[in-house]
Amino acid sequence: MASRISIARPQPNSFNVDPHGLSNSRPSSGYRAANPDDPIEKLRAFSQQVEDNIEIYSQPLKPHLPAIGRFMIVVTFLEDALRIMTQWGDQIWYLQQHRKFPWGISHLFLIINVLTMLSGSSAVILKRYTEYAVAGLLAVVIIQGFGYGLIFDLNFFLRNLSVIGGLFMVFSDSMVSRKALFAGLPTISETDRKKYFLLAGRVLLIFLFLGFILQGEWSIVRVFVSIFGLAACIMVAVGFKAKWSAAFLVLVLSIFNVFANNWWSVHSAHPQRDFLKYDFFQTLSIVGGLILLVNMGPGGLSVDEKKKTY
């Protein structure tokens, strides 16, 4: 009896898992170009594989990206508040002698700035009352521009546009998908508001790099960095491969910041030290905004989202 019962494993060819031939017989190896001979399709396939690898290897860090981005965005305000407190006498002298602030008004101006920057930055880091915190920090950027007479300085103007873009990214990050309806009044959902703020934040974030292109001495390295950086800025602004482009800008700006704004290597008594420190922390703030963009994506008003729709 036992000799008539086969207990051996079935042979590989004894059955057909796809009798109708509907499955793909080729092994899967990720995204493939539709036309392997087309260079554009090859580039698209390569960029897709790069994005997939970035997504895979950044998973352990991804839960912490929002907190890192928010802290880096407000670090320039924290440094500015600390600098005002530690250089109180110099700040008062500058406002009164050069900006012609009356006695008392100069003190009030600095006190309001310090309190707003400390409270607003803390609220952003803790994700509490984010709308009011962002509004307060935006007011500080504008008030300081007029107070210190730097509003018409091109470098200051472009940098602060980028800082405002980072604050818009913070505001977008704090939004949730809900609708607040008011009887008889036209309203838009939080999701729609988030899309518009993300678009504004993306566009404003790239102005720092435009300032980098417009000033400084030119070299072969600077030309190549400017060309690739400008291309990445345009891709961020329109939302095409926005995560990859933002990650590239994070890398470029971080390297540039360490070598160009190395305030720690300048003597503490040198007047250039404060300017380098200011530029260093402002660049960190803009890098924080780009990190939030890498985490959140470009939003609905972007080429990437339109491609998903179609």
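Okay, so of the 310 residues in the protein chain, 39% are buried, meaning under 20% relative accessible area with a 1.4 Å probe, protein chains only. Before I go on: this is a predicted model, with local features needing pLDDT of at least 70 and side-chain atom pairs counting only at pLDDT 80 or more, while totals for chains, interfaces and linings use all residues. Numbering runs from 1 along each chain as its sequence is written, and side-chain values use heavy atoms, with hydrogens and water left out.

The fold, then. We've got 12 helices and zero strands, where helices are DSSP runs of H or I, at least four residues, and strands are E, at least two, numbered from the N terminus. Of the contacts (heavy atoms within 4.5 Å) with a separation of 6 or more, 67% join residues 24 or more positions apart.

Now, helix 6, residues 154–174. How far apart are its end C-alpha atoms? They're 31 Å apart, which agrees with the 30 Å expected for 21 residues, that being 1.5 Å times one less than the number of residues. And 17 of those 21 residues are buried, so helix 6 is largely enclosed by the rest of the structure.

One partner is helix 11, residues 272–296: the two pack at about 35°, axes 9 Å apart, with axes fitted to C-alpha atoms over the stretch in contact and angles running from 0 to 180 degrees between N-to-C directions. Helix 6 brings residues including Phe156, Val163, Gly166 and Val170, and helix 11 brings Tyr278, Ile286, Gly289 and Leu293, among others. The contact residues split into nine nonpolar, eight polar and three charged, with Gly counted as polar.

Key. Buried < 20%, exposed > 50% of the residue type's maximum accessible area, 1.4 Å probe, protein only.
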